[in-house]
Each structure stands twice: as C-alpha cells, then as structure tokens.
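Got the viewer open? Here is a short walk through one part of a structure, with things to select at each stop.

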Amino acid sequence: MFGFGALGVVLAIVGAFAASRRLARPIIALEAAARKVSAGEHAQVEVETRDEIGRLARSFNRMVNAVEERERQIAHMAFHDSLTGLANRTLLREQIALALHRHGGADFALFCLDLDNFKSVNDTLGHPTGDALLCEVATRLAETCPQGFVARLGGDEFAVIVQDGSGAADQTGRAIVQALTRPFTVNGHRIVTGGSVGIALAPQDGQDATSLLKNADLALYRAKHDGKGSHRFFENAMDAEAQARRAMEVDLHDALRNGELELHFQPLFGLSQNRVTAFEALMRWNHPVRGLVSPIDFIPLAEETGLIIPIGEWALHEACRIATSWGDDIRVAVNVSPVQFRSSTLNSIVLQALARSGLEPQRLELEITESLFIDNVEATLASLHSLKVLGVRVALDDFGTGYSSLSYLRSFPFDKLKIDRSFIVDLLANKGATAIIRAITTLADALGIETTAEGVESSEQLDILRSEGCNQIQGYLFSRPIPASEVPALLVKLSGSRMAA
Ligand code: C2E
Ligand code: MG
Ligand code: MG
C-alpha cells in the first residue's frame, strides 16, 4: 500500500512537472522574444500547439510584424517628403555627410534649385495643380540625373547630389535648367515654369553638409539675380557679398529709426504749363560710414527683407507732409515697390498719409512698375482700381523696359506713362528712338494718358520731346534731385519763360 502510494505520489510529481514544463516553455520563449523586441531586435516565437498558448504566440508574431511595419513607415516619413516621395532635407544632409566621408576627397556636386514662378502657378491654378507640378518636377529631375540622389527641401526647392567633377557638373546644371524649361502638362494645364540652379562642389566648397548647402544656396541666389533660368557655381566672393548684404541689412534696420533716410525731390516740368507741375520723391540714405548710398543699392535689399514696407510707409508720410508746403498746383510723386503694392496695407497707409498731412488726394501720384503685371494681372488690376477709388493718381514708371503689354493700358486708366530714360538716351543717336517716342505719345494721347520723359539731360533731347508731344520733362537738364529745403529756390529759378519754346 505504502509502496503504491509512494509510486503514485512520485508519478504525480513527475507528471505535474512535465506538464508545467510543457506549459512554461512557450511562455518563457514568449517572454524572451518580448525582451528582444523591446530591445529593438527582430523576434518571432515558434508556434507548436493549437491551444491558447499557440494562439497567443501567433498573435505575438503578428503584433511584432505590425509594429515593425509601422516603424518602417514612421522612419520613411521622417526622411522623405510625403508629396513627392523624394528624400527630405534630413536625409539629404545625411547623404551629403556620407558622401563626404565615403569618398574622402573624391568629387561630387550638390545642386540646389528652385522654380522661377511657382508662386504664380499656385495663385492662379490652385494648390492641387501646384502640388501636381512639384511631383512632375520630381520625376523630371530623377530622369535628368539618373545616377543622382534627388531630394525636396521644401516648397519649390529641390537638391540633387551627383558624383562628378566641375566639368560634368556644368553639363548637369545646364541639363537641369533645360529640363525645367520644357513645358509641363499638369491637370490639363500647360505650365511653363523654368528654374534656376546653384552648384557647390565637394570637397572644395565645403567640408560638411551645412556649408555645402549654404554655398549652393548662395550660388542659387546669384543665379536668380543674374536672370532666371540659369545655373551658377559657388564662388568665395559670394560669401563675402552675402556678409556685406547682411551687414547692410542690419544697418538698414536702424536707418529709419536713426533718421538716416531722407527724401530728395526732382522737378517734373510741364511743357504746356511752362512750369514745374510736380516733384518726384527719391530716397537717399546717409549711411554713417558708407556715406550716401544709392536707392539702386538699398531698395532691392529692402524689398528682399520686407523692410521696404516700413520704409515705404515713411516715404509716403514724409512726401505728403513736405508737399503740403508747396503750391496747390504742384503734385508729389512717390515710388511704390511691388512688395508694398502686394501687401494688403498699402491702401490704408495711403489714406493715413493723406489724412495726417491734409494733402489733396489728386496731388499724390503713385509710381508703379510694369513688373507688377508679370505675376497676377487680375489681382494687380483689382488693387490698382481700389487705389484709384481713393482719388490718388497712378503713373506707370520706366515704361517700355519690362513686360509692358498694351492691353494693360486698355484695362487700367493710368494717369501717366513715364517713358524710360533708355529711350531718351537713344534720341540723338538713333532715328528709331524718335519713332518709339512718337508711338508712345500718340497712343497715350488717344487713351487720355499724360506722358513724362525721364532722364532728359540736353536741350536737343528736350526739343525732340517737345515736338513729339511729350507733356512733361524730368531730368538733369532742369535739376538733379535736391533736398526739400532747396525746393523753394528751385521753383523761383525755374519759373518764368526760361524753358519756353
Ligand atoms: P526712378 O523712379 O525711375 O527714378 C528716376 C531715377 O533717374 C532717379 O535715380 C533719378 O535721380 C535718375 N535721374 C533723373 N534724371 C536723370 C538724368 O537726367 N540722367 C540720369 N542719368 N539719371 C537721372 P535714383 O534717385 O538713383 O533712384 C533710382 C531708383 O530707385 C528709382 O528709379 C526708383 O525706382 C527707386 N527709388 C527711389 N526712391 C524710392 C522710394 O522712395 N521707394 C521706392 N520703392 N523706390 C525708390
Ligand atoms: Mg520713379
Ligand atoms: Mg523711372
């Protein structure tokens, strides 16, 4: 009895032990796998049974696969652009670092590019078409640089890394520009865009991703400034220029506050009235170190940085204030930059300047340039009409130099065309120039628009302009731009019949 009893107990213990081993083994395996997964390793458990433990093992394996798939997606999202599927800036930087490391001195070129008028595509055709265009650009870049590494940096900016020296990089740069110049067909729209390319060569133009990207960007900036649709290599001078630009930008910030900006005034002489009918306000910057800086040098910088908004606002107030001290029959003309024009605040700034100074609206003339019409003709016309409603006059400056289309003249009642100086310079040397002046004055007359000739320096030019029917003359012949304090004396000097025929 005792022997059987003891055997039974031993068998029970052995049986229980075996059963617990069978139960515990898969659980131990699961636990080990879970630990591996949490350490970031791949792990799967073997499925041996069809019971609950087996199901648990299967679920565990499925969960591990799903987690890994999601990790892959997250990693992809972190390194790729969701719109085009191209590498993003982070991955590009990594790739540059890798290339610098791997090739230890071997050549590769970094191309940075952006589209020339992407904004207007977005504005006129809508964002979905803009997005589709970016995808087409991505495809075209990949086709143009089959061995290259293509990335999208954001917006309409792309970059390509290609393993080649400067000779081949020149060809590649040209090929990219050409590829972007070919028209795109997107959502049924035929889009002509074009792009500019800046190139930095490794390793000479930078030992790390940051400096290579910066330098390719500087070259791109230059390419865009030198006329769009071109490619440029980085040069060390560009870095120095960029630093000078930054220094000037910092100074320009203070210029307004420190009272370093000043308006000078140049008379517009009315030929039929035989007197000064207006003054154009021209900005001057008395830099404490550089001396007098020309608006040609600082207005573009002010436009790039947005500083033109407060500076332009100041100019409007100042010009209106000063003009109130002149006779009621003398207007003041103020240049308005396209950047100011496109900002939503121009109307209220003009209104404020008029209200604060008490100047009659029809004594204020805003000079705008034709470049406003490149982008968005409809929006430009709408803004022009809303300015006219205020009662101010609008003149088209530098007429004939840019993108003038006669149809704009028909769709907007400009008060004045200012014929660009380049046509006046040609007057004495070139018979064709006279014909152009005649065509402009005849057209303007028919449309009821006044004409002013800019940059008149000689009495010979004056005679031709008078006989061709130009209404007003502006130029060094009468006076250079002068400080406001000298205006009264100049008015006295120019009054009378000195310039009469
Ligand atoms: P703009 O509006 O076409 O002004 C005429 C320019 O021609 C002025 O240059 C003037 O000094 C110059 N000029 C006038 N008569 C003659 C002449 O007989 N011969 C020659 N060679 N030049 C003559 P400035 O003052 O250097 O201004 C250059 C440009 O800077 C202006 O061209 C205008 O586009 C811009 N600018 C000037 N002031 C302002 C401003 O307050 N706001 C904005 N947005 N732009 C301004
Ligand atoms: Mg002007
Ligand atoms: Mg002009």
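The tour goes from a helix pair to a cavity and then to a pocket. Keep in mind that this is a predicted model.

**Stop 1: the helix pair**

Start by selecting residues 308-323, which is helix α10, together with residues 346-357, which is helix α12. Two packed helices are described by the angle between their axes and the distance between the axes. For α10 and α12, the axes come within 9 Å and cross at roughly 30°. Angles under 35 degrees count as roughly parallel, so α10 and α12 are roughly parallel to each other. Spin the view and look at the handedness: α10 passes α12 in a right-handed crossing.

Now put sticks on the contact. On the α10 side, pick Glu313, Leu316, His317, Cys320 and Arg321. What they meet in α12 is Leu346, Ile349, Val350, Gln352, Ala353, Arg356 and Ser357. Colour this contact by class and you get 6 nonpolar, 3 polar and 3 charged residues.

**Stop 2: the cavity**

Stay with this pair of helices and switch on a cavity display. How many cavities of 30 Å³ or more are there? The count comes to 1, and the space in the largest cavity is about 40 Å³.

To see its walls, select Ile309, Gly312, Glu313, Leu316, Gln340, Ser343, Thr345, Leu346 and Ile349, which line the largest cavity. The elements giving two or more residues to that lining are α10 and α12. Which of them gives the most? That is α10, with 4 residues. By class, the cavity lining has 4 nonpolar, 4 polar and 1 charged residues.

Keep Glu313, Leu316, Leu346 and Ile349 highlighted for a moment: they belong to the α10 and α12 contact and also line the largest cavity.

**Stop 3: the second largest pocket**

Next, centre on Phe341, Arg342, Ser343, Ala379 and Ser383, which lie nearest the centre of the second largest pocket. Ser343 should look familiar, as this residue lines the largest cavity too. The second largest pocket has a volume of about 320 Å³, and its lining is made of 16 residues.

Show the helices around it: α4 (118-125), α11 (338-342), α12, α13 (372-375) and α14 (377-389) each supply at least two lining residues. The largest share, 5 residues, comes from α14. Colour the pocket lining by class as a last step, and the residues divide into 5 nonpolar, 7 polar and 4 charged.

Definitions and conventions:
Residues are numbered from 1 along each chain as its sequence is written. Chains are lettered from A and ligands numbered from 1 in the order in which they are written. This is a predicted model: local features need pLDDT of at least 70, side-chain atom pairs count only at pLDDT 80 or more; totals for chains, interfaces and linings use all residues. Side-chain values use heavy atoms; hydrogens and water are left out. Axes are lines fitted to C-alpha atoms, for helices over the stretch in contact, and angles run from 0 to 180 degrees between N-to-C directions. Angles under 35 degrees count as roughly parallel, over 145 as roughly antiparallel, 65 to 115 as roughly perpendicular and the rest as oblique. A crossing is left-handed if the near helix is turned anticlockwise from the far one by less than a right angle, and right-handed if clockwise. Contact means heavy atoms within 4.5 Å. Ala, Val, Leu, Ile, Met, Phe, Trp, Tyr, Cys and Pro count as nonpolar, Asp, Glu, Lys and Arg as charged, and the others, Gly among them, as polar. On a 1 Å grid over the protein atoms alone, a cavity is a set of points where a 1.4 Å probe fits but cannot get out, and a pocket is an open set with protein on both sides within 12 Å along at least five of seven lines; lining residues have an atom within 4 Å of a point. Grid points are joined across faces, edges and corners, and a volume is the space filled by probe spheres set on the points.
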